[in-house]
Amino acid sequence: AVIAKARDDFAAGEYRWVATALNNVVFADPDNTEAKNLLADTLTQMGYQAESGPWRNFFLSGAKELRDGVNPVAAPNTASPDIVQNLGLETYLDFLGVRLNGPKAAAGGDIMLNLILPDVDETVSINVENGAMNYTIGRANDDAQATIEMDRSTLDSINLGQVKLEQAIADGDVKVTGDAEKFGEFLSLLDVFDVYFNIVTP
C-alpha cells in the first residue's frame, strides 16, 4: 500500500515525500526490489533538480547504491609519504580524536599518556576522559600512566604501513614506559573507518 501511494506521489512530483516514505520501506524490507527501484528513480529526479553540487552527488550516489549495491572502486591513496610526513602534529592528533570510539571510551576508565618525539623536539600529553580525547602540545603530564617515546619518522613509518608497531617496539624504535596496557587500551579505542559504507540501505 505504501508503494502504491508512493507511485501516485511520484507521478505528482512529490519526490521528497516519496523518498521519506520509501526509505522506511527499504529499511523494513531491504530485499524489496520494487521499493528500491522506485526510491532510486526518486533520488535520481531529486538529483536532477538539486542546485547544490554536493546534494546532487549524494542523491545520485544513493540511486546508484539502490540499483547496484556498494561497489569498491579504485581511488587515489591520500596516505602518501609526502602527505603523511608533512602532516602537522596538531592535525594528526585531531585525526586520532576523530577516530576515538566515544561510547567505548566512555565505558572504560580515564587514560593519561605522554608522547615524546625526540627528533622533532615535541612532547604531548594525551588524556581520554568522558569519551573524548584531549591533548596538549609542549607539556608532559606528571600523572601519565604510560609514556611512549619514538621519533616522528618512526611514527610516519607506522602510519604508512612500512613497519608494524609491535616490530618497532621489539626493535627498540618505540619505547613504552609505565603501564603498557594503558597504551594498548588507547589503541583499541581507535576505529578504522570503512570507506565504502551504505548511505541509503541498511
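## Overall dimensions and helix packing in a predicted model

Reader: What radius of gyration does the protein have, against that of a compact globule of 202 residues?

Author: For a compact globule of 202 residues the radius of gyration would be near 17 Å, by a rule of 2.2 Å times the number of residues to the power 0.38, with the radius taken over C-alpha atoms. This is a predicted model, in which local features need pLDDT of at least 70 and side-chain atom pairs count only at pLDDT 80 or more, while totals for chains, interfaces and linings use all residues. Residues are numbered from 1 along each chain as its sequence is written, and side-chain values use heavy atoms, with hydrogens and water left out. The protein itself has a radius of gyration of 24 Å.

Reader: What box do the C-alpha atoms of the protein fill?

Author: The box is taken along the principal axes. Its dimensions for the C-alpha atoms are roughly 65 × 35 × 30 Å.

Reader: Which residues of helix α6 are buried, and where do they lie around the helix?

Author: Helices here are DSSP runs of H or I with at least four residues, and strands are runs of E with at least two, numbered from the N terminus. In α6, residues 89–99, the buried residues (under 20% relative accessible area, with a 1.4 Å probe and protein chains only) are L89, Y92, L93, L96 and R99. Because their directions from the helix axis to the C-beta atoms fall within an arc of 110°, these residues line one face of α6.

Reader: Which elements do the buried residues of α6 pack against?

Author: Packing is judged by contact, meaning heavy atoms within 4.5 Å. By that criterion the partners of the buried α6 residues are β1, β2, β3 and α8 (152–159).

Reader: Which residues of helix α10 are buried, and what arc do they cover?

Author: Helix α10 spans residues 180–188, where K182, F183 and F186 are buried. They sit on the same side of α10, because the arc that they cover around the axis is only 100°.

Reader: Where does D121 lie, and is D121 buried or exposed?

Author: D121 is in the loop between β1 and β2, and its phi is near 55°, a positive value in a residue other than glycine. With a relative accessible area of 69%, against a cut-off of over 50%, D121 is exposed.

Reader: What is the relative accessible area of N130?

Author: N130, which is not a glycine, has a positive phi of about 55° and is placed in the loop between β2 and β3. N130 is exposed, and its relative accessible area is 75%.
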